[in-house]
Amino acid sequence: MPKKLVFIEAPHNWTDRVTVKTRNAGIERIVSYLLIKNIINDNDYACYDFTFNSQANEQATEEFIKQQVQTIPSANFYCFSTMETNYNATLLFAKQLKQKHPESIIIIGGPAATELKEEILEVHQQVNIII
């Protein structure tokens with residue numbers, strides 16, 4: 001049975017990521033809210049954070065991302081938190097996930113997505129919703 005939601009934090013291209021050890025607060029708040037409101041339960045979602053994988057940060061290539069997508073379960077919705085530092089990797093993840101699960105909805109949020117909403121939706125057909 002597919003997950004309802006899968007949250008993904010794509011690798012960032014920060015050179016100092018080793019010193020930056022914080023989780024994505026936006027994703028944690030969304031999950032907490034959905035759990036408290038009983039919209040989802042613990043079995044309905046999964047979170048994948050590739051920001052602490054030094055190999056991912058250095059090698060966020062299409063081939064590396066394709067390999068990582070194989071580890072992510074099928075879901076109704078794939079949700080990404082996007083900044084300028086992981087914008088390209090996010091779009092690569094979205095492309096690979098949409099190819100593997102064409103029926104799934106891809107949702108992207110965050111500063112890089114909202115600033116470029118119209119352009120992203122026009123150019124990147126794998127993205128369904130930007131918030």
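Which residue in β4 is the bridge partner of Phe77? In this predicted model, the bridge partner of Phe77 in β4 is Ile105, and that pair belongs to the parallel pairing of β3 with β4, which extends over five bridges. The wider setting is an open sheet of five strands in the order β2-β1-β3-β4-β5, with parallel pairing. The points below take up confidence, the sheet, the helices, the nonpolar cores and three loop residues.

**Confidence in the model**

- The protein chain has an average pLDDT of 83, and 84% of the residues score at least 70.
- Within the chain, confidence is highest in helix α4, at a mean of 93, and lowest in helix α2 (residues 54-58), at a mean of 51.
- Where pLDDT is low, the predicted coordinates should not be read in detail.

**The sheet, strand by strand**

- The sheet is open and its five strands follow the order β2-β1-β3-β4-β5; β2 (45-49) and β5 (129-130) stand at the edges, and because each has a single partner strand, one side of each is left without a neighbour in the sheet.
- Strand β1 (residues 3-9) runs parallel to β2 and is joined to it by five bridges, with Val6 opposite Ala46 in β2 and Phe7 opposite Cys47 in β2.
- Five bridges also join β1 to β3, again in parallel, and here Val6 has Tyr78 in β3 as its bridge partner.
- Five of the seven residues of β1 are buried, so this strand is largely enclosed by the rest of the structure.
- β4 is likewise mostly covered, with four of its five residues buried.
- β4 pairs with β5 in the parallel sense over two bridges, and Ile107 has Ile129 in β5 as its bridge partner.
- As general background, strands of a sheet pair through backbone hydrogen bonds, either parallel or antiparallel.

**Helices and the sheet**

- Helix α1 (residues 25-36) packs on the sheet, where it touches β1, β2 and β3 (75-81), and its direction makes about 160° with that of β1.
- β3, α4 and β4 together make a right-handed β-α-β unit.

**Nonpolar cores**

- The largest nonpolar core has 25 residues, and those with the most contacts inside it are Ile8, Ile72, Tyr78, Phe80, Phe93 and Leu97.
- At least two residues of this core are supplied by each of β1, α3 (62-69), β3, α4, β4 and α5 (111-115), and the largest share, six residues, comes from α4.
- Tyr78, one of the residues with the most contacts inside that core, is in contact with Val6, Ile8, Ile72, Pro73, Leu97, His101, Ser104, Ile105, Ile106 and Ile107, when its neighbours within four places in sequence are left aside.
- Apart from the largest core lies another, of nine residues, among them Ile27, Val31, Leu34 and Ile107.

**Three loop residues**

- Ser104 lies in the loop between α4 (87-100) and β4 (105-109); although in a loop, Ser104 is buried, because its relative accessible area of 1% falls under the 20% cut-off.
- Leaving aside neighbours within four places in sequence, the contacts of Ser104 are Ala75, Asn76, Tyr78, Lys98 and Asn128.
- Thr82 is placed in the loop between β3 and α4, and with a relative accessibility of 1% Thr82 counts as buried.
- Not counting residues up to four places away in sequence, Thr82 touches Tyr87, Thr90, Ile108, Gly109, Gly110, Pro111, Ala112 and Ala113.
- One of these residues, Ala112, is 30 residues from Thr82 in sequence, while the two are 5.8 Å apart in space, C-alpha to C-alpha.
- Asn38 lies in the loop between α1 and β2, and at 66% relative accessibility Asn38 counts as exposed, because exposed residues are those over 50%.
- Asn38 has a positive phi of about 60°, although it is not a glycine.
- Most residues other than glycine have a negative phi.

Note on methods: Residues numbered from 1 in each chain as written. Predicted model: local features only at pLDDT ≥ 70, side-chain atom pairs only at ≥ 80, totals over all residues. Heavy atoms only, no water. Buried < 20%, exposed > 50% of the residue type's maximum accessible area, 1.4 Å probe, protein only. Contact = heavy atoms within 4.5 Å. Pairing = 2+ DSSP bridges. Axes fitted to C-alpha atoms, helices over the stretch in contact; angles between N-to-C directions. Core = buried A, V, L, I, M, F, W, Y, C linked by side-chain atoms within 4.5 Å. pLDDT = per-residue confidence, 0-100. Right-handed = clockwise from strand over helix to strand, strands pointing away.
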